[in-house]
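Student: I have a model open on my screen and would like to understand the labels people attach to it. Could you take me through the reasoning behind them?

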Amino acid sequence: MKFQELKTMDERLLYMSELAQRFLKRAAQIDEEAGFPFENISELKSSGYTSLTLPKKYGGEEISLYDLVKFQEYIARGDGATALSIGWHMGIIQDLGKKSTWKESMLQMLFEDVKKGALINNCASEQQTGSPTRGGKPTTTAVKKDNYWVITGRKTFTTMSPVLDYFNVSATAQETGEVAYFLIPRSTPGLHIEETWDSIAMRGTGSHDLVLNGVKVEEEYLVERVEPGNKRASGWLLHIPACYLGIAQAAQSSAIAFAQDYSPNSIQGSIIDLPYVKQKIGDMELELMRARYFLYAVAKQWDSSSEEERNQLKPELSAVKVAVTNAAIKVVDLSMRVVGAQSLSAKSPLQRYYRDVRAGLHNPPMDDMTILLLADNAINHNHPSKGWFAPRL
Ligand SMILES: Cc1cc2nc3c(=O)[nH]c(=O)nc-3n(C[C@H](O)[C@H](O)[C@H](O)COP(=O)(O)OP(=O)(O)OC[C@H]3O[C@@H](n4cnc5c(N)ncnc54)[C@H](O)[C@@H]3O)c2cc1C
C-alpha cells in the first residue's frame, strides 16, 4: 500500500504506526549488531513515504511541516535510528522545494530520482571543523578544472551512508575561499564509504565517514553557495526533536507496560499502583505533553507563516529542539527509574533508548548556542526603545 492512496491524516498515521511496529521488532538486533535498517528504509521507500515532501509542482504531495513531524515521531516510536536517518532526506527535500537556490535543471533531476526512491543527505561535518553550525570552514576542497570540480576530503557523521544515492557535500573552493555544496551521485568514481561508525548511540544510522578522493563532478553540480551571515530559518530541522520525542514516548510506554506486569511478592498487585511509580509516570506525562504541544505549535506556526515571518521563527525553532530533546532525556531517565535495574539489561529496550536519546544533544542546534540566541532575543525585546509593551508572539 502507498501513503499516496490514503487521503486522511488519521489513515496515514495508522499505516505509519503499523510500519513503526515492524521497525520496533527489528530495532534490538540492528542496535546489537550496529547494523543498518535496510528493511525499514526499503519499506519506507515502497510505501511512497520518501517522496511525500516533494513539491506539488513536481508531482509530489508537498506535505506540511506539521504532518512531516508527526510521521517522524511515529517512526521514532518504532526505531530512533530509522527516524533520524530518513528524517534528513525528508527534510532536505521539503526545504529544497521551498528555497529557490538550486538551478532548475538540478532540482528536476534530483526530484525525478526521488520519485523513484532515491535518497539524499547533507554531508557537512568534519573531524577538523566539528559541527558546521559553529561556523568552521570545510577542509574538504573543491578545485575548478575546465568545466569540472574536483573534490577531495573526508566527511564524518554521514548518516544513512549505506543507502544514499546522493551526497550533498560542503567544500571550500580552493581558488576563491567560498563555501559551497556539491551534489555527488553515489556512483561517482573516487567516492567511498569507510565504515567508521562506532557510536554507542543511534548505532543503526550508518553514520560512517565519506571519503572523497579527487571526485570529479560537472560544473552545475555546485548546487548552492553558502552566503556568510545568511540567517534563513530551517523549519525542516524539526524532524530532529520529533525523533527524540518518539523515543521518549516509546520509553514511557515500555515503562508502563513493565509496571503493569511486574508484581514482586512484597506487594499485592503490580507496581503500577504504587504512589512512587504513579508519580513518575505523571511526571513523564507532563514532560511529554509540554514537549508535544511546543513542537506541534511551532510546526503549525511555520506552516501558516509567510517566508518573511518564517525567518522570525529562528528562536522558537531552536528553543523547541533544545526543550524537546532535554525533556526526552528526562522521560527516558524517569522510565528507567520506574523499571529499576532491569532497565539496564541488554534485553531491555530502555537501555537502547537511554543511549539513543543522548545523541539528540549533538544534533543541531546545540544547547549552548540556542541559549545565547534566546538571551539575545530577550535582551533585544526588552530594549528601552521597544517600550514596556513590546509584543512577543
Ligand atoms: C547520530 C548523529 C547523526 C548525525 N548525522 C549527521 C549528518 O547526517 N550530516 C552531518 O553533516 N552531520 C551529522 N551529525 C553531526 C552533527 O551535526 C555534529 O556535527 C556532530 O555531532 C559534532 O557536534 P559537536 O557539537 O559534538 O562537535 P564539535 O563542534 O566538535 O564540538 C565539540 C565540543 O566542543 C565545544 N565547541 C566546539 N567548537 C566550539 C565553538 N566554536 N564555540 C563553543 N564551543 C565549541 C562544544 O562544547 C562541543 O560540545 C550527526 C551527529 C549525530 C550524533
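Tutor: Happy to; we will go label by label, keeping in mind that this is a predicted model.

Student: Let's begin with Phe3 and Phe71. Why is this aromatic pair called edge-to-face?

Tutor: The ring centres of Phe3 and Phe71 are 5.5 Å apart, and the cut-off for a pair is 6.5 Å, so the two rings count as a pair. Their planes make an angle of 70 degrees; because edge-to-face applies over 60 degrees, the label fits. The structure holds 11 aromatic pairs, and this is one of them.

Student: What makes this a link between distant parts of the chain?

Tutor: Phe3 sits in the segment before helix 1 (9-32), while Phe71 belongs to helix 3 (residues 65-78). They are 68 residues apart. Both Phe3 and Phe71 are buried, and together with Tyr15 and Tyr49 they form one aromatic cluster.

Student: Tyr49 caught my eye too. What does Tyr49 touch?

Tutor: Leaving out residues up to four places away in sequence, its contacts include Phe3, Met16, Leu68, Phe71 and Met90. Tyr49 and Tyr244 touch the most other members of the largest nonpolar core, which has 111 residues. Helix 6 (residues 239-261) gives the most to this core, with 12 residues.

Student: How do you know that this core lies between domain 1 and domain 2?

Tutor: Domain 1 (122-225) and domain 2 (235-386) both give residues to the core, so it lies between them. The centres of the two domains, taken over C-alpha atoms, are 31 Å apart. As for direct contact, 8 residues of domain 1 meet 11 residues of domain 2.

Student: Now helix 3. How do you know that its span agrees with what is expected?

Tutor: With 14 residues, at 1.5 Å a residue, helix 3 should span 20 Å. Its end C-alpha atoms are 20 Å apart, so the two values agree.

Student: And why is helix 3 called mostly covered?

Tutor: Of its 14 residues, 12 are buried, among them Leu68, Phe71 and Ile75. The cover over these buried residues includes helix 1, helix 2 (38-46), helix 4, helix 6 and helix 7 (275-303).

Student: What makes helix 4 "largely enclosed"?

Tutor: In helix 4, 17 of the 19 residues are buried, so the rest of the structure largely encloses it. Helix 4 (residues 80-98) reaches 27 Å from its first C-alpha to its last, close to the 27 Å expected. There is also a bend of about 25 degrees at Gly87.

Student: Why is Met202 called buried, but Ala34 partly exposed?

Tutor: Buried means under 20% relative accessible area, so Met202, at 2%, qualifies. Ala34 has 33%, which lies between that limit and the 50% above which a residue is exposed, so Ala34 is partly exposed.

Student: What is the phi of each, and where are they?

Tutor: Ala34, in the loop between helix 1 and helix 2, has a positive phi near 45 degrees. Met202 has a positive phi of about 50 degrees and lies in the loop between strand 6 (191-194) and strand 7 (208-218). Most residues other than glycine have a negative phi.

Student: Last one: which form does the peptide bond from Pro364 to Pro365 take, cis or trans?

Tutor: That bond is cis, with omega near -10 degrees. Pro365 is in the loop between helix 10 (349-358) and helix 11 (367-381).

Key. Residues are numbered from 1 along each chain as its sequence is written. This is a predicted model: local features need pLDDT of at least 70, side-chain atom pairs count only at pLDDT 80 or more; totals for chains, interfaces and linings use all residues. Side-chain values use heavy atoms; hydrogens and water are left out. A nonpolar core is a set of buried Ala, Val, Leu, Ile, Met, Phe, Trp, Tyr and Cys residues joined through side-chain atoms within 4.5 Å. Buried means under 20% relative accessible area, exposed over 50%, partly exposed in between (1.4 Å probe, protein chains only). Helices (H or I, at least four residues) and strands (E, at least two) are DSSP runs, numbered from the N terminus. Domain bounds come from an automatic or database domain assignment. Contact means heavy atoms within 4.5 Å. The expected span of a helix is 1.5 Å times one less than its number of residues. The bend at a residue is the angle between axes fitted to the seven residues ending there and the seven starting there. Rings of Phe, Tyr and Trp (its six-membered ring) pair if their centres lie within 6.5 Å; planes under 30 degrees apart count as stacked, over 60 as edge-to-face and the rest as tilted.
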